[in-house]
Each structure stands twice: as structure tokens, then as C-alpha cells.
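The following exercises concern a single protein chain. Each task is followed by a solution that proceeds step by step.

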Amino acid sequence: MKSLLIAAVAIAGLGMASCGKCTVCTKSNETDVRICEKDYGSKTEYGFAIDVYEAQDYDCGKSI
């Protein structure tokens with residue numbers, strides 16, 4: 001029973017670790033763009049990518 005509980009906690013921890021912070025940027029008559037922090041080397045690069053889209057009049061909001 002104890003090993004089952006440990007396994008469940010480990011699986012839940014791995015599942016939560018794989019969740020990354022993503023942002024979806026939208027603009028009328030344009031394809032939505034999904035920007036995920038895991039695709040960049042640092043939070044600064046991730047933030048810069050969002051800033052670039054916002055400078056192009058995209059509306060960027062947090063996503064799951």
C-alpha cells in the first residue's frame with residue numbers, strides 16, 4: 001500500500017512538472033500564436049518573444 005502511494009505521488013509530480021507556462025497571442029485576421037516558456041532558454045527570451053508580438057498589435061494572454 002505504501003509503495004502504491006509513493007508511485008502515485010511520483011506520477012503526479014511528473015505530471016505537474018511537465019506543465020509549462022504558455023501565452024496565446026491573437027490578432028484579427030491572423031493565425032493565433034502559442035508561445036511557451038519551455039521553448040526558450042530563459043524567462044527573458046520568453047518575455048521578449050511576447051513583447052515582439054504585442055508590438056505587432058497582438059493581444060497576448062496567459063494560457064494553460
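In the hairpin formed by strand 1 and strand 2, six residues lie between the strands, and Asn29 takes a positive phi near 65°. The model is a predicted one, and the exercises start from this hairpin.

**Exercise 1. The hairpin and the positive phi angles**

Describe how strand 1 and strand 2 are joined, and state where Asn29 is found and where Asp57 has its place.

Solution.

Step 1. Strand 2 covers residues 33-36; it runs antiparallel to strand 1, and four bridges join the two. Within this pairing, Cys22 stands opposite Cys36 of strand 2.

Step 2. Asn29 belongs to the loop between strand 1 and strand 2. Its phi, near 65°, is positive although the residue is not glycine.

Step 3. Asn29 has a relative accessibility of 79%; this is over the 50% limit, and Asn29 therefore counts as exposed.

Step 4. Asp57 also has a positive phi, near 70°, in a residue other than glycine. Asp57 lies in the loop between helix 2 (43-55) and strand 3 (59-63). With a relative accessible area of 63%, Asp57 is exposed.

**Exercise 2. The overall fold**

Give the order of helices and strands along the protein chain, and state what share of its residues is buried.

Solution.

Step 1. The protein chain contains two helices and three strands. Along the sequence they follow the pattern α-β-β-α-β.

Step 2. Of the 64 residues in the protein chain, 19% are buried. The accessible surface comes to about 5000 Å², and carbon and sulfur atoms account for 60% of this surface.

Step 3. Among contacts with a separation of 6 or more, 50% are between residues 24 or more positions apart.

**Exercise 3. Two residues of strand 1**

Determine whether Thr23 is buried or exposed, do likewise for Cys25, and list the residues that each touches.

Solution.

Step 1. Thr23 is found in strand 1, which spans residues 22-26. Its relative accessibility of 2% is under the 20% limit, so Thr23 counts as buried.

Step 2. Leaving aside residues up to four places away in sequence, Thr23 touches Val33, Arg34, Ile35, Tyr46, Ile50, Cys60, Gly61, Lys62 and Ser63. With one of these, Tyr46, the side chain of Thr23 makes a polar contact to the side chain at 2.7 Å.

Step 3. Cys25 also has its place in strand 1. Cys25 has a relative accessibility of 0% and counts as buried.

Step 4. With the exclusion of residues up to four places away in sequence, Cys25 touches Asp32, Val33, Ile35, Tyr53, Tyr58, Asp59 and Cys60. Cys25 and Cys60 are separated by 35 residues in sequence, yet their C-alpha atoms are 4.0 Å apart in space.

**Exercise 4. The aromatic pairs**

How many aromatic pairs does a search of the whole structure find? Classify each pair.

Solution.

Step 1. The search finds two aromatic pairs.

Step 2. Tyr40 and Tyr46 form one pair, with 6.4 Å from centre to centre and 55° between the planes. An angle of 55° is neither under 30 degrees nor over 60, and the pair therefore counts as tilted. Tyr40 is partly exposed at 31% relative accessibility, whereas Tyr46 is buried with a relative accessible area of 3%.

Step 3. Tyr53 and Tyr58 form another pair, with 5.1 Å from centre to centre and 85° between the planes. This angle is over 60 degrees, so the pair counts as edge-to-face. Tyr53 is partly exposed, with a relative accessible area of 26%, while Tyr58 counts as buried at 11% relative accessibility.

**Exercise 5. The salt bridge**

Which side chains meet in a salt bridge, and are the residues concerned buried or exposed?

Solution.

Step 1. The structure holds one salt bridge. The side chains that meet in it are those of Asp39 and Lys38, at 3.9 Å from N to O.

Step 2. The distance of 3.9 Å is within the 4 Å cut-off, and the pair therefore qualifies.

Step 3. Asp39 counts as exposed at 52% relative accessibility. Lys38 likewise counts as exposed, at 65% relative accessibility.

Methods
Residues numbered from 1 in each chain as written. Predicted model: local features only at pLDDT ≥ 70, side-chain atom pairs only at ≥ 80, totals over all residues. Heavy atoms only, no water. Buried < 20%, exposed > 50% of the residue type's maximum accessible area, 1.4 Å probe, protein only. Polar contact = N/O pair within 3.5 Å; in protein donor to acceptor, adjacent residues only side chain to side chain. Contact = heavy atoms within 4.5 Å. Phe/Tyr/Trp six-rings, centres within 6.5 Å; stacked < 30°, edge-to-face > 60°. Areas by Shrake-Rupley, 256 points an atom, 1.4 Å probe, with all protein chains shown as cover. Pairing = 2+ DSSP bridges.
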